[in-house]
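Here is a quick tour for anyone meeting this protein for the first time. Have a look at the picture, then read on.

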Amino acid sequence: MTELLTAAQMRAIEQAAIASGEVTGLELMERAGRGVVAAIFARWPALAKGGHRAVVLCGPGNNGGDGFVVARLLHDAGWDIEVFLLGDGEALPPDAKTNYVRWCAVGGVTPLTEHAFRHGRFEGVFADIYVDALFGTGLSRAVAGELASFLRHLNGYGGDDYRARMVSVDVPSGLCADSGRVLTPHPQASIPAAVLSRLTVTFDSPKLGHFLQDGPQHCGQIVVKDIGLQHHRETRQSTHAGRGATTRFPHAGLILNERMVPDARPFFAIDPSALAKADGHKYSHGHALVLSGGVGKGGAARLAARGALRVGAGAVTIACPPAALIENAAQLNAIMLRAVKGVAGLNDVFSDHRINALCMGPGMGVSDESRGLIEAGLKSGRAIVLDADALTLIGRDAPLFASVHENCVLTPHAGEFARLFPDLAEKLAAPATNGPAYSKVDATREAAKRAGCTVLYKGPDTVIADPSGRCSINASVYDRSAPWLATAGSGDVLAGFITGLLARGWAPLQAAETGAWLHTESALSFGPGLIAEDLPEELPKLFRALGI
């Protein structure tokens, strides 16, 4: 896993480094500019030979200062550079102004307007690289008016399209660094007023917005460059006000797979040895119980049960209504089967104390009987995954929701989340006009605190949080993009993975994090054409690759 930061946390780290006297802001800016140039040459090796053209767009803050460093370094490498500045060079912050003056000693600066950009020195010929150093992480309000029109022009509005060679410094301009949302007064615009980049170069650590919501679409590829702040990031302690519990600074969140962020430092990793089985018998590795729906409704439970067994639960039993017994028996072998009639029947099953984890919801339906079964499951105190129909039931039944406990994992998709936490969903759906915008991390943390349990909010940017405020993101984006996970039954398998890990004694947050990670990795291992049944069958291959 790799640490993710908010914009405020990144600024605090930089300020702490400067205050220590170990580095100056000007040195950090120089390192950032060099990191951008190195990333450009690594992404497009042919450009390292010089003799190319670049357009650099500089903003009114320190992000613009980074842009002036990039312009100067490319100029020194033999490039033909055109620089546009939004605002007044004399009004720039001190370090950015210093680099503005340095650039002016070797090249010119044109005030940025859409007209000036369209009719610049390279009119009629695309430059090799366009550098977006307009706002970065410092943007705090929506881009509007002529500037919004210009950003849309960069994205193809009006015929020209600069995305193929667009490089953003820190965060694409117009995107909220904390939420990944486009800051715009017109959220329904077909072409967003936020830069769409091919490459985004950020510094020290990736930001939340790189992985949430619109972030991956706008960032293109993420490269993280070290600018010498690790000591200050690791030793400082802070409370992330309003966004979770006191944590090791600067814990805004964690990304579950560091291979998506080249040059980023790992924080900690999923321990493969924890997935291996120690000596013992089947029940020493846990016994998971998955409740099934009635006749013709058992497929979801069978998928979950298969996932629980493959992930390593020692034994898995499906509990189903008596009428569905033959249907399930015809399709199950290693998974055991138990006929359960109503709440009394389930309580009888609970007399077997070897059963230590439950999966409830997939295919169960939303009848009064299902409600009673879920209530009984919660009252048993066992670790439990509530998915699908179980989420619908607790979302409309306050007393039932109040029975949720710390050993539960809720696994809602966006629609289910809105039924469970309508006010949080409303805040998340509101237009993002001022930053830092309310994020999926904020919503999931609040939901986990309110529910008193672990919440896994599904999506390409799956967010997992527990009541303490600890939070992880399992983002199936960039080189982990697995759109074929959008297939019927995929979520049931995920519920099964988590249930199986709970049965093995894993803590709810750890089980949810690892289950989500294995879910994506299984999809990537199989590839296009995936159906839900394929996901559990990829686990042995993954475990071998992990050395288990």
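## A first look around

His519 counts as buried, because its relative accessibility is 8% and the cut-off for buried is under 20%. You'll find His519 in helix α19, which covers residues 508–526. Setting aside neighbours within four places in sequence, His519 is in contact with Leu485, Ser490, Leu494, Phe497 and Leu535. Keep in mind that all of this comes from a predicted model.

Now for another residue. Is Arg118 buried, exposed or partly exposed? At 31% relative accessibility, Arg118 counts as partly exposed, because that value falls between the 20% and 50% cut-offs. Arg118 lies in helix α5, made of residues 114–118. Apart from neighbours within four places in sequence, Arg118 is in contact with Glu123, His153, Tyr157 and Asp160. One of these partners, Asp160, sits 42 residues from Arg118 along the chain, and the C-alpha atoms of the two are separated by 9.4 Å.

Here are the two residues side by side.

| Residue | Relative accessibility | Class |
|---|---|---|
| His519 | 8% | buried |
| Arg118 | 31% | partly exposed |

Next, pick out helix α2, residues 25–43. How far apart are its end C-alpha atoms? They are 27 Å apart, and that agrees with the 27 Å you'd expect from 19 residues at 1.5 Å a residue. Plenty of names turn up on the buried list for α2, among them Gly25, Leu28, Met29, Glu30, Ala32 and Gly33. Further along the helix, the buried residues include Val36, Val37, Ala39, Ile40 and Phe41.

Time to zoom out. The protein has 21 helices and 20 strands. Its C-alpha trace spans about 85 × 45 × 40 Å along the principal axes. The radius of gyration is 26 Å, which agrees with the value near 24 Å that a compact globule of 548 residues would have.

How much of the protein is buried? Buried residues make up 58% of the 548 residues. As for contacts, take those with a separation of 6 or more: 74% of them are between residues 24 or more positions apart.

Finally, the outside and the charges. The accessible surface comes to about 20,700 Å², and 52% of that belongs to carbon and sulfur atoms. The protein carries 50 positive and 54 negative charges, and the mean positions of the two sets are 3 Å apart.

Terms used:
Residues numbered from 1 in each chain as written. Predicted model: local features only at pLDDT ≥ 70, side-chain atom pairs only at ≥ 80, totals over all residues. Heavy atoms only, no water. Helix = DSSP H or I, 4+ residues; strand = E, 2+ residues; numbered from the N terminus. Rg over C-alpha atoms; globule rule 2.2 N^0.38 Å. Buried < 20%, exposed > 50% of the residue type's maximum accessible area, 1.4 Å probe, protein only. Contact = heavy atoms within 4.5 Å. Areas by Shrake-Rupley, 256 points an atom, 1.4 Å probe, with all protein chains shown as cover. Lys, Arg positive; Asp, Glu negative; His and termini not counted. Charge placed at Lys NZ, Arg CZ, Asp CG, Glu CD. Expected span 1.5 Å × (residues − 1).
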